[in-house]
Amino acid sequence: PMAAQTVQSHLAEVLDKEAVPHDAASLRLISRAARGSMRDAMSLTDQAIAFGGGGLQEDVVRQMLGAVDRSHVQRLIEAVADGDGAALVAAVDALRDRGLSAAGTLEEMAAALQRMAVVQAVPSLASDADDPDAETWASLAPRLAPDETQLFYSLCLQGRAELALAPDEHSGLLMLMLRLLAFKPGGAHNRGPGDPKAEGSAVAQSAEPVSRATSTAAPAAP
């Protein structure tokens, strides 16, 4: 398979020679959809030109490919970073209402998390002239700890394989997003409401004096 950057560069060269109007975002979408095949990339480009009436525009190419807009991925990542379960469910419902692919959402989210991880590891790469979304990912990168970013990236990759096992793919997507909240370190979602260790729970408050009282008692017999 050819690198997406190589495919994108070649498409740009061909379209410049053919005087076909295009933007970098459109070529990036097609290059990723081709999955390393230049032949598929050229075929998709022909289809996109016909679909777009003689040119390539990002919104038209997204519609043709059924790709998920970065704004949806941004809302999902923000909801996870804030630990906001209601916003997370609303974002998944919006994807369902628009008929956008759950698998495509995970693919876009994994790509976003990969860019965020690069920014976290090498801040000097936060601005990338070849990536029009670089500013968005750079602003999101500080909202997650590096280990969270790596964990969520792995869960997104694994989640794509689980979608086929779910009752429907959007139910599977929702469960995966809720799993991200459950794995978020220190989050309120890590403990159930009946967990004695849950912060502020009545069980925890009533158990606290008991634990102090018994802390000095002799250990129980085996």
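Me: Before we start, what counts as a salt bridge here?
Reply: A side-chain nitrogen of Lys or Arg has to sit within 4 Å of a carboxyl oxygen of Asp or Glu. Keep in mind that this is a predicted model.

Me: OK, and how many salt bridges does that rule give?
Reply: The count comes to 10 salt bridges.

Me: Let's look at Glu-108. Which residue does it form a salt bridge with?
Reply: Glu-108 pairs with Arg-32, and their closest N and O atoms are 3.2 Å apart. Glu-108 is in helix H7 and Arg-32 is in helix H2, so the bridge ties together parts that are 76 residues apart in sequence.

Me: Is Glu-108 buried or exposed?
Reply: Buried, because its relative accessible area is 14%, and the cut-off for buried is under 20%. Its partner Arg-32 is partly exposed, at 26%.

Me: What does Arg-35 pair up with?
Reply: The side chain of Arg-35 meets that of Glu-107 in a salt bridge, 2.8 Å from N to O. Arg-35 lies in the loop between H2 and helix H3 (38-51), while Glu-107 belongs to helix H7, so this pair ties together parts 72 residues apart in sequence.

Me: And how accessible is Arg-35?
Reply: Arg-35 is exposed, with a relative accessible area of 54%. Glu-107 is partly exposed, with 24%.

Me: Which residues are linked in a network with those two?
Reply: Arg-160 is in there with them: Arg-35, Glu-107 and Arg-160 are linked in a network of salt bridges.

Me: Switching to pockets. What's the volume of the second largest pocket?
Reply: About 230 Å³.

Me: Which residues line that second largest pocket?
Reply: Among them are Leu-29, Ala-33, Leu-65, Gly-66, Ala-67, Ser-101 and Gly-104. The salt-bridge residues we just met turn up too, including Arg-32, Arg-35, Glu-107 and Glu-108.

Me: How does the lining of the second largest pocket divide into nonpolar, polar and charged?
Reply: Four of the lining residues are nonpolar, three are polar and four are charged.

Me: Which helices supply at least two residues of that lining?
Reply: Helix H2 (24-34) and helix H7 (102-121) each do. Those two helices are also joined by the bridge from Glu-108 to Arg-32.

Me: Moving on, what does Arg-96 meet in a salt bridge?
Reply: Asp-168, with 3.6 Å from N to O. That pair links distant parts of the chain, 72 residues apart: Arg-96 is in helix H6, and Asp-168 is in the loop between helix H9 (146-162) and helix H10 (169-182).

Me: How accessible are Arg-96 and Asp-168?
Reply: Arg-96 is partly exposed, at 37% relative accessible area. Asp-168 is partly exposed as well, at 31%.

Me: What about the nonpolar surface patch, which residues make it?
Reply: Val-89, Met-175 and Leu-178 make the patch, and it covers about 240 Å².

Me: Where does Val-89 lie?
Reply: Val-89 is in helix H6, which runs over residues 85-97. Val-89 counts as partly exposed, with a relative accessible area of 30%.

Me: Last one: where is Ala-134 found?
Reply: Ala-134 is in helix H8, residues 134-140. At 4% relative accessibility, Ala-134 counts as buried.

Me: And how far apart are Ala-134 and Ala-112 in space?
Reply: They are 9.3 Å apart from C-alpha to C-alpha, with their positions 22 residues apart in sequence terms.

Conventions. Residues are numbered from 1 along each chain as its sequence is written. This is a predicted model: local features need pLDDT of at least 70, side-chain atom pairs count only at pLDDT 80 or more; totals for chains, interfaces and linings use all residues. Side-chain values use heavy atoms; hydrogens and water are left out. Patches are made of residues with over 30% relative accessible area and no salt bridge: like charges are joined within 9 Å, nonpolar side chains (Val, Leu, Ile, Met, Phe, Trp, Tyr) within 5 Å. Accessible areas come from the Shrake-Rupley method with a 1.4 Å probe; for residues, only the protein chains shown count as cover. Helices (H or I, at least four residues) and strands (E, at least two) are DSSP runs, numbered from the N terminus. Buried means under 20% relative accessible area, exposed over 50%, partly exposed in between (1.4 Å probe, protein chains only). On a 1 Å grid over the protein atoms alone, a cavity is a set of points where a 1.4 Å probe fits but cannot get out, and a pocket is an open set with protein on both sides within 12 Å along at least five of seven lines; lining residues have an atom within 4 Å of a point. Grid points are joined across faces, edges and corners, and a volume is the space filled by probe spheres set on the points. Ala, Val, Leu, Ile, Met, Phe, Trp, Tyr, Cys and Pro count as nonpolar, Asp, Glu, Lys and Arg as charged, and the others, Gly among them, as polar.
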